[in-house]
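Reader: Please take me through one part of this model in close detail. I would like the sheet, what packs on it, and the spaces in the protein.

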Amino acid sequence: MSDNREANSFPISRRAVLGTAAALAATPAVGEVCMIGPPKHEKGPLVWMDMDQVELDAAYDQNVYAPMIDQIQKRYGTSSVTTRARLGTPKRFAYGPTPVEGLDLYPAKTANAPIFIFIHGGRWLRGLARDYGYPADLFVNAGVNYIALDFIAVDAAKGDLRPMAEQVRRAIAWVYKNAASFGGDTKRFYVGGHSSGGHLCGVALVTDWEKEFGLPADFIAGGLLMSGLYDMKAPRLSARSNYVKFDDDMEQSMSSLRQLDKLRAPITVTYGTFESPEFQRQSRDFAAAVKAAGKPVELVEAPSFNHFEMCESLGNPYGPNGHAALKLMKLA
């Protein structure tokens, strides 16, 4: 009797069933409304490896491989707001004379604590330290000073990556020289970056710190290179050259893979399997080159993570980047 009452309470007519089936049949397949990868096109001349121009441009445009980009990036900001509600407003310091040359410090709760500097991505065009506060929960709770940098965008630098790299270097040097003022331990000094920030982090790691800044050559204890770019040849051939004014010197000096003789710190390189093919290749090739040079490196492949999810995972102690950061600092 109970079965009859339930059936009578939710009458479903044959017409309703057929209508629902027709509606489902008319709905586009997921691949039709959410395409992953380059658009369908007639194969053109090869520009890089087995890629034509359309494919290469797509391989350096993570939007093409991560259709939920807007939602995830908005979450960086909202998660950072909730982090500040828990930890308080970060301390703001200027490391240089221009307004953009500043950093946010989320201090550890104990003195003489390790330091982790984060360099944000954004295609070298965008990004603010305040939207990358969310990893501070992980670091502060692990007893680490977390610092997020601001620096010039490449369009403001008239298409030149070198001023960006120079500001990042000066910020790192400022933190080292001023660590005692906020209880930072310069013997446990780590840097990390994601995407174009991973590129800038790689460039920082191959800096001659002693010659250029008068600092100990090996003061960086470890680097976390997340979904970055380490050789500029392919990006120079891609649509990124529309706003980055590459020349031969920039290609050479901004390619950390070509300067591994200056690499002094052990590094961890991470990437997700749902990232674009070029970002995956860049990570694998860089890690292989570091290993071939006889220097310590760990390569972490994160199954089923896209580019922007990889960045978000830095705030999760069980996510690929959060766990990699803790392991690099020997806090896992």
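Author: **The sheet and its surroundings**

Strands S5 and S7 run parallel and are joined by six bridges. This is a predicted model. Within the S5 and S7 pairing, Phe118 sits opposite Gly192 of S7.

On to the next pairing. S7 covers residues 184-194 and S8 covers residues 222-226. The two pair in the parallel sense, over five bridges. Tyr190 has Gly222 of S8 as its bridge partner. Val191 stands opposite Gly223, also in S8. How much of S7 is buried? Eight of its eleven residues are, so the strand is mostly covered.

Now the whole sheet. It is open and has eight strands, in the order S3-S4-S6-S5-S7-S8-S9-S10. The pairing is mixed. Strand S3 (91-94) and strand S10 (297-302) stand at the edges. Each has a single partner strand, so one side of each is left without a neighbour in the sheet. From one strand to the next, the twist averages 20 degrees. In general, strands of a sheet pair through backbone hydrogen bonds, either parallel or antiparallel.

Two helices come next. H8 packs on the sheet and touches strand S5 (113-119), S7, S8 and strand S9 (267-272). The direction of H8 makes about 135 degrees with that of S7. Helix H14 (residues 320-328) lies across S5, S7, S8, S9 and S10. H14 runs at about 170 degrees to S8.

One residue of H8 deserves a closer look. Helix H8 spans residues 196-205, and Val203 has its place there. Is Val203 buried or exposed? Val203 counts as buried because its relative accessibility is 1%, and the cut-off for buried is under 20%. Which residues does Val203 contact, leaving aside its neighbours within four places in sequence? They are Ala165, Arg169, Ser253, Met254 and Ser256. Take Ser256 from that list. Val203 and Ser256 are 53 residues apart along the chain, yet their C-alpha atoms are separated by 5.2 Å.

Next, the enclosed space. A search of the whole structure finds one cavity of 30 Å³ or more. The largest cavity has a volume of about 60 Å³. Its lining is made up of Leu205, Thr207, Trp209, Ala217, Asp218, Ile220, Lys262, Arg264 and Ala265. By class, the lining residues of this cavity divide into five nonpolar, one polar and three charged.

Then the pockets. The largest pocket holds about 190 Å³ of space. It is lined by 17 residues, and those closest to its centre are Gln73, Gly122, Arg123, His307 and Phe308. Helix H5 (69-87) and helix H13 (307-312) are the elements that give two or more residues to the lining of the largest pocket. The lining residues of the largest pocket divide into six nonpolar, eight polar and three charged.

The second largest pocket has a volume of about 160 Å³. Its lining consists of Gln73, Tyr76, Gly77, Gly121, Gly122, Arg126, Gly127, Leu128, Asp131 and Tyr132. These lining residues divide into three nonpolar, five polar and two charged. Gln73 and Gly122 line this second largest pocket, and both are also named at the largest one.

Definitions and conventions. Residues numbered from 1 in each chain as written. Predicted model: local features only at pLDDT ≥ 70, side-chain atom pairs only at ≥ 80, totals over all residues. Heavy atoms only, no water. 1 Å grid on protein atoms, 1.4 Å probe; cavity = no way out; pocket = protein on both sides within 12 Å on 5 of 7 lines; lining within 4 Å. Points joined across faces, edges and corners; volume = space filled by probe spheres on them. Nonpolar A, V, L, I, M, F, W, Y, C, P; charged D, E, K, R; others polar. Helix = DSSP H or I, 4+ residues; strand = E, 2+ residues; numbered from the N terminus. Buried < 20%, exposed > 50% of the residue type's maximum accessible area, 1.4 Å probe, protein only. Contact = heavy atoms within 4.5 Å. Pairing = 2+ DSSP bridges. Axes fitted to C-alpha atoms, helices over the stretch in contact; angles between N-to-C directions.
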